[in-house]
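Student: Could you take me through one part of this model up close? I'd like to know what sits around one residue and how that part fits into the rest of the chain.

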Amino acid sequence: MVYKKTVNCNTSNLGMLRHFVSGVLYERQVPANLVNMIVLAVDEVCANRMIHSNQENHEEAIEVSIRPGRNENEVLIEIKDQGDCFDIASYCVPNMTEVVKQRKTGGMGLILVKKIIDHIQVYKDGNTNICQLYKKL
């Protein structure tokens, strides 16, 4: 079964997306600690897509779908939008010790996403950017 939720690119809609993702995962009886980590990763990717790729243009939409992954012990969360492309899969996680030393603010979300999600794939289909997040359950 595929679950889908579409909202416009306004960060005030992130709460609806978090509620949607957690509801679907709890329905599949995913443990709470795993649900919280997946929700955090999806929230971060969607926030970045809304803010940086779509400039919070309320006329643009972002779609999140959740379905079984490549096997029954995996979930696939797919995030689609038509904003500027950013390939999170090719983002290199910096050394955390250096990040702390530099007291750098921002950019921590992508580090968390890369730590939480098992496999990330980003590609374009026409004008649509598709970010696929695979997580073992």
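Tutor: Sure, let's take E74, and keep in mind throughout that this is a predicted model. E74 belongs to strand β3, which covers residues 74–81. Is E74 buried or exposed? Its relative accessible area is 3%, and the cut-off for buried is under 20%, so E74 counts as buried. What does E74 touch, once residues up to four places away in sequence are set aside? The list is R28, P68, G69, Y134, K135, K136 and L137. You can place some of those partners on the chain: P68 falls in β2 (61–68), while Y134, K135 and K136 fall in β5 (128–136).

Now follow β3 into the nonpolar core. The largest such core has 35 residues, and V21, V42, V64, I77, I79 and L133 are the ones that touch the most other members. Two or more residues come from each of β1, α1, α2, β2, β3, α4, β4 and β5, with α2 giving the most, 10 residues. As a general rule, nonpolar side chains in soluble globular proteins tend to be buried together. L133 is a good place to look at how β3 is tied in: leaving aside neighbours within four places, L133 is in contact with V75, L76, I77 and I79, and also with V42, V45, I117, H119 and I120.

Past the end of β3 comes the loop that leads to α3 (96–101), and I88 is located there. I88 may be in a loop, but it is buried, because its relative accessible area is 4% and buried means under 20%. Beyond residues up to four places away, I88 touches V45, L110, V113, K114, I120, V122 and C131. Take C131 from that list: I88 and C131 are 43 residues apart in sequence, yet their C-alpha atoms are 8.2 Å apart in space. V45 and I120 turn up again here, since I88 touches them and L133 is in contact with them as well.

β3 also helps to line the largest pocket, as do α2 and β5, each giving two or more residues. This pocket holds about 220 Å³ of space. Its lining has 14 residues, and N48, R49, S53, F86 and L110 lie nearest the centre. α2 supplies the largest share, 5 residues. By class, the lining comes to 8 nonpolar, 4 polar and 2 charged residues. L110, one of those nearest the centre, is also among the residues that I88 touches.

Now zoom out. The protein has 4 helices and 5 strands, in the order β-α-α-β-β-α-α-β-β from the N terminus. Of its 137 residues, 43% count as buried. Among contacts between residues at least 6 apart in sequence, 64% join residues at least 24 apart. The radius of gyration is 15 Å, which agrees with the value near 14 Å for a compact globule of 137 residues. The C-alpha trace spans about 45 × 35 × 25 Å along its principal axes.

One last stop, for contrast with E74: the loop between α2 and β2, where you'll find Q55 and E56. Most residues other than glycine have a negative phi. Q55, though, has a positive phi near 50°, and E56 has a positive phi of about 50°. Q55 is exposed at 53% relative accessible area, whereas E56 is partly exposed at 30%.

Terms used
Residues are numbered from 1 along each chain as its sequence is written. This is a predicted model: local features need pLDDT of at least 70, side-chain atom pairs count only at pLDDT 80 or more; totals for chains, interfaces and linings use all residues. Side-chain values use heavy atoms; hydrogens and water are left out. Buried means under 20% relative accessible area, exposed over 50%, partly exposed in between (1.4 Å probe, protein chains only). Contact means heavy atoms within 4.5 Å. A nonpolar core is a set of buried Ala, Val, Leu, Ile, Met, Phe, Trp, Tyr and Cys residues joined through side-chain atoms within 4.5 Å. On a 1 Å grid over the protein atoms alone, a cavity is a set of points where a 1.4 Å probe fits but cannot get out, and a pocket is an open set with protein on both sides within 12 Å along at least five of seven lines; lining residues have an atom within 4 Å of a point. Grid points are joined across faces, edges and corners, and a volume is the space filled by probe spheres set on the points. Ala, Val, Leu, Ile, Met, Phe, Trp, Tyr, Cys and Pro count as nonpolar, Asp, Glu, Lys and Arg as charged, and the others, Gly among them, as polar. The radius of gyration is taken over C-alpha atoms; the globule rule is 2.2 Å times the number of residues to the power 0.38.
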